[in-house]
Amino acid sequence: MKRVIGIDLGTSNSCVAVLDGATAQVIGNRGGYKTTPSMVAVTETGRKLVGHIAKRQAITNAENTVYAAKRLIGRKFNSPQVMSAVRHASYRIVEGPHGEARIALRSEILSVPEISALILQELKIVAEDFLGEPVEQAVITVPAYFNDNQRQATKDAGLIAGLDVIRIVNEPTAAAISYGTSQREGTTVAVYDFGGGTFDVSILELGKGGVFKVLGTAGDTFLGGEDVDERLVDWLVAEFEAEHKVDLRSDRMARQRLKDAAEKAKCELSSVSSTELNLPFIISNERGEALHLQRSLSRAKLEELTADLIDRSIDICLDALSDAGLEKGDLDDVLLVGGMTRMPAIQRKITEVFGREPNRSVHPDECVAIGAAMHGASLVGAEKKPLVLLDVTPLSLGIMTHGGGFDELVPANTTVPTSRVKSFTTSRDGQTRMSIIVQQVAKDREGERELLGEFALEGISSKAKGAVVVDVSFAIDANGIVAVEASEQASGKKAAITVEASSGLTKPEIQEMQKSAAHAMDERRHGEAIESERQAAQSLVGEVERLLENLRSSAGDSSVLGATMAGIEAVLSQAKLLTDGRDPSKLKALLPQLERAAQMLRSLGN
Amino acid sequence: MSRYTNARLSPDSLKQLPLKPVEGFVLSRVDADSTADDVAASTGLDAATVQLALDRLVELGAVRVTGGRSQMPAARMSRPPEEPLQGAEDVRAAPDVFTAEEFELVHLLEARMLLANHYVLLGVPLSADRRAIKDAYYELVAMVHPDRFRGRNLGVAAPRVARIFAAVEAAHEALASRDKRARYDDSLSDANEPLTSPQVTAVSSGQGRAVAPLPDEAPLSSGRLAASTSHASGHMLARKLGRAPSVAPPPISSSPPSSTQGPASARSEASGHAIAELRRRYEQLAPLAKAEKLKSLVSQGEAALANGRGAEALQAFRLAQSLDAHDTAVLRGLTQAEELAAPEIGKNYAYFAKRAEYAEQTTDARAFWEAAATRAADDAETQGRAAAALLRLEGDASVALRCAGRAVLLEPKNAVFRALLGRAYLRQGMLRNAEREALAAAELDATCTELIDLRRELTSRAPLE
């Protein structure tokens, strides 16, 4: 049976896990790290870099290094969230052909799913190297509060990366799986997931028979560790400006250095109470003098700068709890997930609000990927004790009615999969076309409805107003992805209708991207194969040279060996030429000759 | 009768077959283990045409013949097999779709769904506490979650599983909080439909008699069950049907119908006045749409009545009832459909009751037997079997008495029914009546096993007098 990998596609870091025997484990990448930075860069030569290698060059190549792409996925360019990212990001965000956000890197303009696909592809390779077999199926996690567009775009990213995404799972739910299989039935747990870019909280109940039921979920897709970093950067910039009258934001490289230093300081302050920020030669003033940034930062200052962010997360937590119809006392555990939860202030606050120490038994960076891998194995039947997830839809869904009203079909926190049908009538005599505008609304934000998609039912019977009844049906699958259909009741005629994604990619576009990604992957794999041959040849050349030297010094230029040595030397010089050259494919043919020569020399040497 | 199962050829290979349209149509209606009659019913074609088409489809390999003894049509609930009680093993048809266990489960749950009572569906007593409801829900939901059938071609059975899943979800949701549960319980006891058969009334008054409640009391007292069935299902169906129609977005402009104008401009144009106007118009339109739907349901139901399809008619009229509970045509149709469908539904219940007994689901079995007896009021055999089963399962003795009494009324010369009636009397403590029935039975057939049982029970009871 083919294995399914679980991927936590994070805002700042991503992680891949697979079920190995009875337990799921995280797979380390080539550098030995369990997590891979979600960063993609394009070098001067047009080469694409992903992960640690992209992060290392981020400072010198800030304009062409993408980070936190997850904050842009499935969003419209003119949405307030993207607009704020445009101001802060060091890379260029542009508007795509469907009104969606895209990213300009050197000469290319890439869609956000393509960027994510590069990260997914990297993780796929990590898993394939570990398993020694091709990987085709994956479960990918998304924040619970992701909407339909964002889920769809994440699925598209998987497709582009050549993965069959068998399920999109919510991150807190996945974390609960990795925690829950060892817990007793009937446990109620709150998962507090403070990640790099998003904040999510889900309240789950672990039921009989391996069922994980989400009782309620809430979140903010624009609250995360990145915001904490941003606060620190803002503070540093303000302090620097007060001292030197220079705006550090004016320089992209300075901004990137500041961001890196802020992130590092934040992490350090989880274990120490004070740290030094030291950025020499960060910028020069108008007189050309080099300026240095040097500050010490205490944990207390960090907490002061970010107190409102933490308070916001706690408010969201309490909202989710009340939506689930529970009291604080009903919780058996509060589970901490995401790198930000290492912050002592967060742990303190949770202890204070919930009256109990949070549970830190799962690894905050790895448990999401592990849970996803476990769910994947369960879905394809590789797990003996199957898991059943009953997740909920985070947002209310409905359609816009005549005059701009909103008619809700699926309320927030409805268990998925689900389907709802509602009847509507025409509002004008002789109306033959009805446009269905699908919208979603976050809880308590009636005014901020977001367009999910729209389509029209054409050719309905021309009758008096109100005489034609059209059934609109919403179906939400287990991925949380929405399908909407409309049909005229009387005629039973179902016009062919597809929801045009309002800010996604079209099918042909995805196929095109898939092709080019697969091509790039082949190239890369091919390049790696050649590289390994080149290395094999080089080491053989080295050995042959050494043996030849030994033989010469011990036996001298005896006439018996002369011819043989000359032959070997000919092979050697040819090999050297090829390994230095740009056409290493011929090396393959040469390798056996080199091998023979080495063998002969070894036997002669003895 | 031969049964046919769709071979589910791939669309490509199907296109290669030299099929006539009518054969294609027949093929589309062949499910797992369908009889020619099933197909005829679902296509509306005559039997000869269907048989010809089926033969040709078998010849071409698009349909397989799957034996003649299989007892359970896999896809249909409303059509009970002629002899449903031949044995449990025959029930397991269509193993290529469901495993035997899943098959059992799906049918059990569908039978429970017919009773349209959340407690019955979850298999818990009315008195169950929160914990018991949760456990029952989790156990069921783990078994019917669509993920459990992932990667398998369930064919036409897929929507059935989805329906069951949705029903289990709805049941749990309705009983999830104290408030909701109280509201639901109220709706159960408020349901006082006109009770059409005198037997039901007898049961209701028999409630709370001196019969000691058994430790695992049936989830429903019989009176409630009988009364709540159609109300609650009407309720459920009403929800499925959706609420009253409301006004949908038309192209918002005065230009011809094909024009498309963005929602943004629409929103900006919408003044308070327009909204008020819309509301007024909506209030005019909603009844119109409702009337339209009602009309189509009634005509659908009447057509089914004319064709003798009781279950289908019942469904249509119940839907109609949920739209308008006082429409005379609907009420008349409903009564007729209930009459027409009752034996059919009764047999279904008897069948499921027997299955529940095999599965040792005593609570279900009792509820199903009671439902069967209520429906098949004029079928002596069902009445007798229900009585025997309720005595055997230690169900509500007053219901057993009613059933046995009804059986004797219908067939006074049947020794078995007499003896059953005697046992039922005895169970109620009516010793004199029991003895009288024993004598009557002995006159008719002294060797009847039920009579022997009755005599044994009488002698063991005597010393207590």
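This is a short tutorial dialogue on reading strands, helices, cores and sheets in a predicted model.

User: Before the details, how many helices and strands does chain A have?

Analyst: Chain A of this predicted model holds 13 helices and 29 strands. Its 606 residues include 47% that are buried. For contacts in chain A between residues at least 6 apart in sequence, 68% link residues at least 24 apart.

User: Let's take a strand. Which way do the residues of β1(A) point?

Analyst: The general idea is that side chains in a regular strand alternate between the two faces of the sheet. Here, V4(A), G6(A) and D8(A) point one way from β1(A), while I5(A) and I7(A) point the other way.

User: Is that strand mostly covered, or which of its residues are buried or exposed?

Analyst: Strand β1 of chain A, residues 4-8, is mostly covered, with 5 of its 5 residues buried. That goes for the residues pointing either way from β1(A).

User: Which strands pair with β1(A), and are they parallel or antiparallel?

Analyst: In general, strands of a sheet pair through backbone hydrogen bonds, in a parallel or an antiparallel way. β1(A) shows both kinds: a parallel pairing with β11(A), residues 137-142, over 5 bridges, and an antiparallel pairing with β2(A), residues 13-20, over 4 bridges. To find these in the viewer, look for D8(A) opposite T141(A) in β11(A), and for I7(A) with its bridge partner V16(A) in β2(A). The link from β1(A) to β2(A) is a hairpin through 4 residues.

User: Now a sheet as a whole. In what order do the strands β13 to β15, β18 and β19 of chain A lie?

Analyst: Reading across this open sheet of 5 strands, the order is β18-β13-β14-β15-β19, with mixed pairing. At the edges are β18 (333-337) and β19 (388-390) of chain A, each pairing on one side only. On average, neighbouring strands of this sheet are turned by 25° against each other, direction ignored. Inside the sheet, β13(A), residues 188-194, and β14(A), residues 199-207, run antiparallel and share 7 bridges. One place to look is T188(A), whose bridge partner in β14(A) is E205(A).

User: How do I judge a helix such as α4(A), and what span does it reach?

Analyst: Compare the end-to-end C-alpha distance with the rise of 1.5 Å a residue. α4(A), residues 148-160, has 13 residues and reaches 18 Å, close to the expected 18 Å. It is mostly covered too, as 13 of its 13 residues are buried. After α4(A) comes G162(A), with a positive phi near 80°.

User: What about helix packing in chain B: at what angle do α3(B) and α4(B) cross?

Analyst: Look at how close the axes come, then at the angle. The axes of α3(B), residues 36-43, and α4(B), residues 47-60, come within 9 Å and cross at roughly 115°. The crossing is right-handed. A36(B), V39(B), A40(B) and T43(B) of α3(B) make the contact with A47(B), V50(B), Q51(B) and L54(B) of α4(B).

User: Finally, which residues touch the most other members of the largest nonpolar core?

Analyst: That core has 244 residues, and those touching the most other members are Y192(A), L335(A), A373(A), F368(B), A387(B) and A404(B). Helix α15 of chain B, residues 328-358, gives the largest share, 12 residues. Another core, of 13 residues, lies apart from it, including V39(B), A40(B), V50(B) and A62(B). Returning to the largest core, A404(B) touches A387(B), F417(B), L420(B), L421(B) and A424(B), leaving out residues up to four places away in sequence.

Definitions and conventions
Residues numbered from 1 in each chain as written. Chains lettered and ligands numbered in written order. Predicted model: local features only at pLDDT ≥ 70, side-chain atom pairs only at ≥ 80, totals over all residues. Helix = DSSP H or I, 4+ residues; strand = E, 2+ residues; numbered from the N terminus. Buried ≥ 20, exposed ≤ 12 C-beta atoms within 10 Å, placed from the backbone. Contact = placed C-beta atoms within 7 Å. Pairing = 2+ DSSP bridges. Expected span 1.5 Å × (residues − 1). Core = buried A, V, L, I, M, F, W, Y, C linked by C-beta atoms within 7 Å. Axes fitted to C-alpha atoms, helices over the stretch in contact; angles between N-to-C directions. Left-handed = near helix turned anticlockwise from the far one by under 90°.
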